[in-house]
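Me: Can you walk me through part of this model? I want the strand pairing, then the cysteines.

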Amino acid sequence: MITKRTDSSNIDFQNLVKLLDADLAVRDGEDHEFYHQFNSIDMLKNCVIVYSDDTAVGCGAFKPFSEDTVEIKRMYTDPERRGKGFASKILNELEIWAKEERYNRCVLETGIKQPEAIALYEKSGYKRIPNYGQYIGIDNSVCYEKIL
């Protein structure tokens, strides 16, 4: 397993995000367009890709949320590769990178129809918080934070 730090111009990252968006379109159904508007990858400077046998199998990113906080975005692992620690590796690398950039907190939003994501975040020490920003009042969203 190899992790690579990159940005959103990376073609492997872009291809993984296309797979993520296709998966979310099915899971979110008619709510997909609402969520999709907040998930542009243009100008993401902090992206991580994990490779297995020279194949890109997962990704994640963060973007500044406030002066001391980043928002974790675009987490995805190929369904055939889930359960092997790739997502944990990606999330850990994003947290290390955020700390290196002098951030001390991560927040994120995920959907209630993504139980594997919820399990990952809770296993990784994220605590549920009230929905923030555009997710306030959205019943299908759950938000989390972790102090780094």
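Reply: What follows covers some strand pairing and then the cysteines; note that the model is predicted.

Me: Start with strand 2 and strand 3. In which sense do they pair, and over how many bridges?

Reply: Strand 2 covers residues 46-52 and strand 3 covers residues 55-66; their pairing is antiparallel, with seven bridges. One residue pair in this is I49 with its bridge partner C59 in strand 3.

Me: How many residues sit between strand 2 and strand 3?

Reply: Two residues, and the strands form a hairpin. In the turn, D53 has a positive phi of about 55°.

Me: And strand 3 with strand 4, what joins them?

Reply: Seven bridges, with the strands running antiparallel; strand 4 is residues 69-77. F62 has I72 in strand 4 as its bridge partner. Strand 3 and strand 4 also form a hairpin, with two residues between them.

Me: Switching to cysteines. How many disulfides are there?

Reply: The count is zero.

Me: Why does C59 have no bond to C47?

Reply: The closest cysteine sulfur to that of C59 is in C47, at 7.9 Å, so the two are too far apart for a bond. The cut-off for a disulfide is a pair of cysteine sulfur atoms within 2.5 Å.

Me: Is C59 buried or exposed?

Reply: C59 is buried, because its relative accessible area is 0%, and the cut-off for buried is under 20%.

Me: What about C143, buried or exposed?

Reply: C143 is buried, with a relative accessible area of 0%.

Definitions and conventions. Residues are numbered from 1 along each chain as its sequence is written. This is a predicted model: local features need pLDDT of at least 70, side-chain atom pairs count only at pLDDT 80 or more; totals for chains, interfaces and linings use all residues. Side-chain values use heavy atoms; hydrogens and water are left out. Two strands pair if DSSP finds at least two bridges between them. Helices (H or I, at least four residues) and strands (E, at least two) are DSSP runs, numbered from the N terminus. Buried means under 20% relative accessible area, exposed over 50%, partly exposed in between (1.4 Å probe, protein chains only).
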